[in-house]
There are 2 protein chains.
Amino acid sequence: MSTKKKPQVTPTPERRRELLATAAEVFAAQGYNATTVRRIADEAGMLAGSLYYHFDSKESMLDEILSTFLDELWQGYDEVLAAGLGPRETIEALVTESFREIDRHRPAVAIYQKEAKHLATQPRFAYLADSQTKFEKAWLGTLERGVTEGVFRDDLDVRLTYRFVRDTVWVAASWYRPGGHHSPEEIARQYLSMVLDGIALRT
Amino acid sequence: MSTKKKPQVTPTPERRRELLATAAEVFAAQGYNATTVRRIADEAGMLAGSLYYHFDSKESMLDEILSTFLDELWQGYDEVLAAGLGPRETIEALVTESFREIDRHRPAVAIYQKEAKHLATQPRFAYLADSQTKFEKAWLGTLERGVTEGVFRDDLDVRLTYRFVRDTVWVAASWYRPGGHHSPEEIARQYLSMVLDGIALRT
DNA sequence: GCCGTTCCCTAACAAGTGTTTGGTAGGTTA
DNA sequence: TAACCTACCAAACACTTGTTAGGGAACGGC
């Protein structure tokens, strides 16, 4: 009887994820260009050349990190957008989902935050630009719908509001630490309370 | 009679500023580490080695860009903080001043945003960490004072609010374009309106 | 005219970069 | 036992990087 026994050596796909996780951590901390493959290999306990058994290039590591993050992000976003919620509830759900993604993919988000802008010009990373377009359509569309339906103020520039909201959500990745004082849901709640109702005391 | 005539060749201090401006532009667009000194020289219409007539090193360019920006920033901030305004008015003045700085030093702000975190660990850039400490004291202190004086809500985590406000103000440098649709003051006004009163329509 | 200064070029250097090639220890399969 | 595969090492490669040294053209002061 041949039981499928787990071998001593870590199997391939899991090892890939491990290496990508450490690579993402270093990329996030030092920046992609400032990170050498020797540094990644060091952190992973092996030599630089050995990384090329698992990956084609340094760039393909970055590619895999960013694309798997975006895939998971849009899985969550699409679910929210398909739920047919009202504008305010949609914004709330998107914000909450975003902080959950930061919780799960903090290094990837930090990398995205720093590098996406100039990476998007390269053909290989064209999907970053696509994602950004989809992103704007979802958020800006919801805000505009909220204005026409009378749940959001109409005396603010929607485009400015969109940028503020978007940026504030994602830069959280630069200071957020998993296992800290606040859960992603708590952070989302406070953030939504601030953006929706303001920090000034109502008189 | 010896009149101090302006020579045909651009004098030294102005040329320095020109070169630093183009360097800052490239640093902001591509990231410091991803920027080669040859690229900067190219953009300035000269060869790589020629830059070293004006500057000691690539790092000293970055240093000068960031330190002159911070000097000017704190000149404005200190003026605001010394004015003895109330918490709400202080926040308003700080935000407005910040957007004015972004208007004047957009590339420097963008570089600061991307690189400050891992630069602050180097001894040469220790003033970045100092500035960050002063920064937190000013903003967080004002927010806390506003809570105790009853002008800001007390049911929000002040530290979270501080981070949100701080980040949102400065990431504006990544999309702001001087000479665009909105003046710095107008952006500050809209941003303050959102943060203070919220985007939800009051019922 | 000559001198000194300013500003840039030409040409190279040493260090560090991502990547490749050949080899090999150890486990699995037949 | 033999063949094979996985996962890594050792050593090098070609190239790019920041930086330097020497030289020279243009210009102002004397």
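Let's start with the HTH tetR-type domain. UniProt, in an unreviewed entry, places that domain at residues 13–73 of chain A. Keep in mind that we are looking at a predicted model. In this model the span 13–73 of chain A is 75% helix and 0% strand. Its end C-alpha atoms sit 21 Å apart.

The same record has another feature to look at. For chain A, UniProt lists a "DNA-binding region" at residues 36–55, again from an unreviewed entry. Helix makes up 60% of residues 36–55 of chain A, and strand 0%. From end to end, the C-alpha atoms of that stretch are 15 Å apart.

Now step back to chain A as a whole. How many helices and strands are there in chain A? Nine helices in the pattern, written α-α-α-α-α-α-α-α-α along the sequence. The strand count is 0. The C-alpha trace of chain A spans about 65 × 45 × 30 Å along its principal axes.

On to the DNA. Take strand C to begin with. There are 18 residues around DNA strand C. Which of them come nearest? From chain A, A:T36 and A:Y52; from chain B, B:L47, B:S50 and B:H54. So both chains are in play, and the elements tell you where to look. α2 (37–44) of chain A supplies at least two residues of the surface near DNA strand C. So do α1 (12–30) and α3 (51–54) of chain B.

What part of strand C faces the protein? Of the strand C atoms within 4 Å of the protein, 65% belong to sugar or phosphate, and the rest to bases. Let me give you some individual contacts. A backbone N or O atom of A:K58 is 2.8 Å from a phosphate oxygen of DNA strand C. B:L47 also uses a polar backbone atom, 2.7 Å from a phosphate oxygen of that strand. B:R15 uses its side chain instead: a polar atom there lies 3.2 Å from a phosphate oxygen of DNA strand C. By class, this surface has 6 nonpolar, 8 polar and 4 charged residues.

Next, strand D. Here there are 20 residues around the strand, and A:L47, A:H54, B:T36, B:Y52 and B:K58 come nearest. Sugar and phosphate make up 67% of the strand D atoms that come within 4 Å of the protein.

Contacts again. In chain A, a polar side-chain atom of A:S50 lies 2.8 Å from a phosphate oxygen of DNA strand D. In chain B, a backbone N or O atom of B:V37 is 2.9 Å from a phosphate oxygen of strand D. For a base contact, look at B:R38. An N or O atom in the side chain of B:R38 is 2.9 Å from a base nitrogen of DNA strand D. The elements giving two or more residues to the strand D surface are α1 (12–30) and α3 (51–54) of chain A, together with α2 (37–43) of chain B. That surface divides into 6 nonpolar, 10 polar and 4 charged residues.

Last topic: internal space. The structure holds 3 cavities of 30 Å³ or more. The largest has a volume of about 140 Å³. Its lining counts 16 residues, and A:G31, A:E115, B:G31, B:Y32 and B:E115 lie nearest the centre. Which elements give two or more residues to that lining? α6 (106–119) of chain A and α6 (106–119) of chain B. By class, the lining has 4 nonpolar, 8 polar and 4 charged residues.

And where does this cavity lie in terms of the domains of chain B? Domain 1 (10–55) and domain 2 (58–197) of chain B both give residues to the lining, so the largest cavity lies between them.

Note on methods. Residues numbered from 1 in each chain as written. Chains lettered and ligands numbered in written order. Predicted model: local features only at pLDDT ≥ 70, side-chain atom pairs only at ≥ 80, totals over all residues. Heavy atoms only, no water. UniProt positions renumbered as here; feature names shortened; annotations may be inferred. Helix = DSSP H or I, 4+ residues; strand = E, 2+ residues; numbered from the N terminus. Near = heavy atom within 4 Å. Polar contact = N/O pair within 3.5 Å; in protein donor to acceptor, adjacent residues only side chain to side chain. Nonpolar A, V, L, I, M, F, W, Y, C, P; charged D, E, K, R; others polar. 1 Å grid on protein atoms, 1.4 Å probe; cavity = no way out; pocket = protein on both sides within 12 Å on 5 of 7 lines; lining within 4 Å. Points joined across faces, edges and corners; volume = space filled by probe spheres on them. Domains from an automatic or database assignment.
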